[in-house]
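Good morning, everyone, and thank you for letting me take a few minutes of the meeting. Please have a look at the structure on the screen while I talk you through it.

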Amino acid sequence: MTFRSLIASALALALCATAQAAPAVGPADLSGLARDVDRAESVRAVKDLQRTYAQYSQFGLWRDMASLFTAEGVADFGDAPPIQGRDAIARALVQQFGSGGLKPGQVHTQLIEEPLVNLAPEGKPAQGRWYGFYLMADGQGGASLEGGVYENDYAREGGVWKIAALRFHPQSAGPYETGWTNWKGQPIGLVPYHHTADQTGMPDLGASGPAPASRAT
């Protein structure tokens, strides 16, 4: 027996021993794995969704921003009554900023970051807390700053994650020349958290109940 064939035989024996020692993988294991993967992808999808919203805002794509909401989604921008419904949100954005997108010299940059996203145990709704900072300019010499906190709800619609409720809590604002002050000169209150202190840093709050059967089973 050559050295090469000896090594091959040893590897074959090792693989057989490993296969015999490994526990059998059943349908429940595959379904659980599929659910874990889906939950991890869901948290990532929610974060991508909110950043896409900010990206559309930067380029004045108002109708595209509205398309990220569920059909009956709610937009509460903090300084006006909440708007309900995807179509109504699109109309409101176009009415406020114009149908042609950003005009020359206009700036509508929303920096929405520092996410804390939590996926519910049943895996359907999700909630997220973000910090928002706006850089605005009207193209005619006027520029302003604004900042605040988002506490948003997300839901799946047709298998795609959408914004179910966008709630912006303004905390500061002011012209670029002099900087910002407290929103409308009022004391800044604490924006209620959607999570507890124990859930901080835990995007997945843990699945509940048996995993639904995956396609692999």
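Let me begin with a turn, and please keep in mind that this is a predicted model. Strand 3 and strand 4 form a hairpin with 6 residues between the strands, and in this hairpin Gly123 takes a positive phi near 80°. The two strands run antiparallel and are joined by 12 bridges, and if you look for Gln106, you will find Asp138 of strand 4 standing opposite.

Now let us step back to the chain. There are 4 helices and 7 strands in the protein chain, and reading along the sequence gives the pattern α-α-α-β-β-α-β-β-β-β-β. Of the 217 residues in the chain, 32% are buried, while the chain exposes about 13,000 Å², of which carbon and sulfur atoms supply 58%. If we take the contacts between residues at least 6 apart in sequence, 58% of them join residues that are at least 24 apart.

What lies inside? In soluble globular proteins, nonpolar side chains tend to be buried together. Here the largest nonpolar core has 29 residues, and those with the most contacts inside it are Tyr53, Phe69, Ile89, Tyr150, Tyr154 and Ile163. Several elements each supply at least two residues of this core, among them helix 2, helix 4, strand 3, strand 4, strand 5 and strand 6. Take Tyr150 as an example: leaving aside its neighbours within four places in sequence, Tyr150 is in contact with a list of residues that includes Ile112, Trp130, Tyr134, Leu166 and Phe168.

A second example of residues meeting across the sequence is Ala173, which has its place in strand 6. Ala173 and Leu145 are 28 residues apart in sequence, yet their C-alpha atoms are 5.5 Å apart in space. Again leaving aside the neighbours within four places, the residues in contact with Ala173 are Leu145, Glu146, Trp180, Thr181 and Trp183.

Let me turn to the charged side chains, where the count comes to 4 salt bridges, and I will describe three pairs. In the pair of Arg51 and Glu113, the closest N and O atoms are 2.8 Å apart. Because Arg51 lies in helix 2 and Glu113 in strand 3, this pair ties together parts that are 62 residues apart in sequence. Arg51 is partly exposed, with a relative accessible area of 33%, and Glu113 is also partly exposed, at 36%.

The side chains of Arg86 and Glu157 meet in another salt bridge, at 2.5 Å from N to O. Arg86 lies in helix 4 and Glu157 in strand 5, so here the parts tied together are 71 residues apart in sequence. Arg86 is partly exposed with a relative accessible area of 24%, and Glu157 counts as partly exposed at 29%.

The third pair I will show is Arg167 with Asp153, whose closest N and O atoms are 2.7 Å apart. This pair links Arg167 in strand 6 with Asp153 in strand 5, 14 residues apart.

Finally, which residues make a nonpolar patch on the surface? Tyr131, Leu190 and Tyr193 make one of about 370 Å². Leu190 is found in the segment after strand 7, and Leu190 counts as exposed because its relative accessibility is 68%, where the cut-off for exposed is over 50%.

Thank you for listening.

Definitions and conventions: Residues numbered from 1 in each chain as written. Predicted model: local features only at pLDDT ≥ 70, side-chain atom pairs only at ≥ 80, totals over all residues. Heavy atoms only, no water. Patch = residues over 30% accessible without salt bridge, like charges linked within 9 Å, V, L, I, M, F, W, Y side chains within 5 Å. Areas by Shrake-Rupley, 256 points an atom, 1.4 Å probe, with all protein chains shown as cover. Buried < 20%, exposed > 50% of the residue type's maximum accessible area, 1.4 Å probe, protein only. Core = buried A, V, L, I, M, F, W, Y, C linked by side-chain atoms within 4.5 Å. Contact = heavy atoms within 4.5 Å. Pairing = 2+ DSSP bridges.
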